[in-house]
Amino acid sequence: MASCVFSAGNAFTASLSCAPAISASSSSSSCSSSMGRTLMSAAASANRLVILSCERRDFCGPLAARLLGPPTKFEASKLKVVFMGEEMEKQAPCTIQRAYTLTHCDFTANLTLAVSNTMHGNKLMGWQTTLNSDDVVAEWKKINEEISLHVHCYVSGSSLLQDLAAGFRYHIFSKELPLVLKAVVYGDSVLFGKHPELLEAKVWVYFHSKSKKYNRLECWGPLKDAMQIGAANYYHHAALELGHPQAASKCYDDDGRLKRTGTVLTASSHIITAVIGSGVLSLAWAVGQLGWVAGPAVMLLFSFVTYYTSSLLADCYRSGDPNTGKRNYTYMDAVRAYLDGFKVKLCGYLQYLNIVGVAIGYTIAASISMVAVKRSNCFHENGDDSPCVVNSNPYMIMFGVAQIVFSQIPDFDQIWWLSIVAAVMSFTYSSIGLALGIVQVIKNGGIRGSLTGISIGTVSQMDKVWRSLQAFGDIAFAYSYSIILIEIQDTIKAPPPSEAKVMKKATLVSVWITTIFYMLCGCMGYAAFGDLAPGNLLTGFGFYNPFWLLDIANVAIVVHLVGAYQVYCQPLFAFVEKWAAKRWPESGFIGKEIEVPLPGSRVYKLNLFRLTWRSAFVVVTTVVSMLLPFFNDVVGLLGAVGFWPLTVYFPVEMYIVHKKIEKWSTRWLCLQLLSIACLAITIASAAGSIAGVVSDLKVYKPFSG
């Protein structure tokens with residue numbers, strides 16, 4: 001492989017990395033060419049020396065950049081193409097003389113491709129004044145009778161902040177460049193239709209920076225290859241497609257994706273963040289129904305079942321060999337890999353049904369917390385004996401309106417800071433509830449409650465039975481996370497040890513930490529209030545003071561639930577929209593987008609079907625929440641419905657297929673008995689929650705708040 005050199009005179013200097021070919025058959029994508037030799041000769045007259053590298057480009061980038069996830073998928077519906085100037089209008093559509101400027105809107109994820117007939121050098125020299133620093137510009141050039149595409153990315157230079165983030169910006173540009181190239185090919189499709197040979201043209205990428213490390217020129221090979229997977233992992237992917245097993249490279253795993261870096265610590269953190277949520281607030285009430293013996297025992301039971309079935313599910317991450325088998329990236333991928341069509345559909349329906357239930361539960365919980373802030377301030381001003389009656393319906397409507405707005409943001413679930421905010425908020429209100437419980441126990445001068453839970457007399461004997469069963473559902477809801485276990489496991493670095501072994505350790509650590517935290521919250525809440533333990537520890541007003549601390553906790557709950565609602569519902573939104581587009585591909589109502597101007601000369605593409613469908617979903621879930629504003633009953637029902645099928649049944653069935661366990665063998669019988677026992681608990685919990693809803697409806701007037 002010949003070395004390639006580039007000199008940009010007094011303006012820029014750069015180095016070029018040329019990736020070696022896998023075999024003789026791929027030598028056509030080599031960087032050595034007549035143009036490469038021309039660039040080499042140009043370097044001879046350069047004022048600065050350029051350090052060369054002919055090793056394969058294998059750049060990982062900063063951790064922060066990699067945490068933003070995989071490259072953005074190109075969507076033609078989000079691309080707007082504009083042909084600039086009179087010269088372009090007069091120019092024949094098949095003329096190769098072309099220059100491109102691609103602009104990206106961070107808020108809407110829309111792209112605008114401006115096509116002109118040339119790009120002047122002074123446009124790059126004055127980049128910070130003539131272009132947005134995040135824009136990408138490109139042009140076709142012909143050197144020694146060889147046509148090539150030259151792409152320019154501005155890494156740093158116009159500000160100190162850009163210089164500090166040079167590595168981050170370099171990696172983002174490298175990661176997203178295939179999207180840029182796809183936009184060029186799609187947006188200028190007439191040109192490529194007339195000149196299909198352009199797909200074989202070399203792509204030269206100029207990264208402009210004041211930093212010597214990132215001021216560079218790179219050969220990305222033929223356009224048809226570069227726009228698919230990029231230069232850094234092109235040859236790795238090519239080997240995979242040819243069926244050649246690939247060891248993990250410096251930056252890419254055996255499936256060609258960016259190298260995973262997860263460990264026991266990071267996986268445990270993800271699980272704890274996912275598990276500890278609004279369900280923790282009902283645990284004091286749940287322990288109160290079961291008592292000091294059964295309450296902690298049931299928590300330990302659910303923790304054991306959750307750990308065991310999660311371990312079974314972890315073994316299903318790879319099909320076949322635990323170290324080299326095919327990866328299943330999501331829960332549904334695993335179900336498809338092991339089970340038949342009916343069970344796959346059943347799993348999908350249950351997942352989406354669970355999402356609808358979660359949306360209703362979150363709306364109820366958020367409104368209760370908003371009402372609690374209002375009542376807490378009322379008690380502070382008027383005394384603890386004041387009625388302070390507040391209607392929850394306006395707050396549910398407020399929450400619904402907010403969700404209608406947020407649901408129109410494309411790819412909301414991809415916002416990287418969302419899980420961080422959710423984690424901080426959930427730990428905030430959970431810790432406040434725990435601290436207030438401890439303080440109340442000290443204030444009482446002892447522990448309240450009994451061995452058997454709430455006493456007959458305080459409630460009827462039948463109510464005692466139903467409430468005890470409902471408590472099972474509340475505890476099951478608090479432990480629910482199996483549906484995202486595979487996604488968490490997909491972040492763990494490649495073997496050895498296998499991802500399954502690491503995930504089992506992470507599950508053990510996180511389940512025990514969560515159980516200890518739940519024990520403290522549930523038991524301290526019960527110890528503080530005994531039979532009077534509220535259904536929601538922070539809103540049932542077992543606590544009145546300090547009112548400002550309660551306000552902080554309840555605001556944290558609302559903030560957490562606003563984001564969590566979108567994270568849970570986006571997959572359902574996307575599923576329905578993709579199904580509709582496939583079912584009615586010619587419908588303008590479904591496919592057409594209306595451009596709405598935004599501040600800063602940006603445009604938001606409004607899709608009428610997305611607006612209608614997502615708004616209707618939010619309206620329906622909000623109305624149902626107003627009809628059934630019973631936090632404990634809904635949480636118990638959600639926990640019961642989701643626990644057996646998603647946490648027990650599917651993991652057990654997949655594990656049996658994965659390990660090829662013989663039917664009617666001892667192990668098969670034990671797994672089936674576990675599944676049947678959990679099904680019985682699920683049915684009993686659901687019955688208790690439904691009975692609670694029916695009981696509440698007897699005295700509740702719809703929409704009365």
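Visitor: What makes Glu 200 count as partly exposed?
Guide: Glu 200 has a relative accessible area of 44%. Buried means under 20% relative accessible area, exposed means over 50%, and partly exposed lies in between (1.4 Å probe, protein chains only). Glu 200 is therefore partly exposed. This is a predicted model, in which local features need pLDDT (the predictor's confidence in each residue, from 0 to 100) of at least 70, side-chain atom pairs count only at pLDDT 80 or more, and totals for chains, interfaces and linings use all residues. Residues are numbered from 1 along each chain as its sequence is written, and side-chain values use heavy atoms, with hydrogens and water left out.

Visitor: Why are Lys 224 and Glu 200 said to meet in a salt bridge?
Guide: The term requires a side-chain nitrogen of Lys or Arg within 4 Å of a carboxyl oxygen of Asp or Glu. For Lys 224 and Glu 200 the N to O distance is 3.0 Å, so the pair qualifies. Lys 224 belongs to helix α9 (residues 223-229) and Glu 200 to the loop between α8 (189-194) and β8 (202-208), so the salt bridge ties together parts 24 residues apart in sequence. Helices (H or I, at least four residues) and strands (E, at least two) are DSSP runs, numbered from the N terminus.

Visitor: How do you know whether Lys 78, the partner of Glu 75 in a salt bridge, is buried or exposed?
Guide: Lys 78 has a relative accessible area of 10% and is therefore buried, whereas Glu 75, at 33%, is partly exposed. Their N to O distance is 4.0 Å.

Visitor: What shows that helix α12 departs from a straight helix?
Guide: A straight helix of 32 residues would span 46 Å, the expected span being 1.5 Å times one less than the number of residues. Helix α12 (residues 283-314) spans only 28 Å between its end C-alpha atoms. A kink of about 125° is centred on Gly 291; the bend at a residue is the angle between axes fitted to the seven residues ending there and the seven starting there.

Visitor: Why is α12 described as largely enclosed?
Guide: Of its 32 residues, 23 are buried, so the rest of the structure largely encloses α12.

Visitor: What makes residues 1-34 a region for caution?
Guide: Over residues 1-34 the pLDDT stays under 50, while the chain mean is 75. Where pLDDT is low, the predicted coordinates should not be read in detail.

Methods: Contact means heavy atoms within 4.5 Å.
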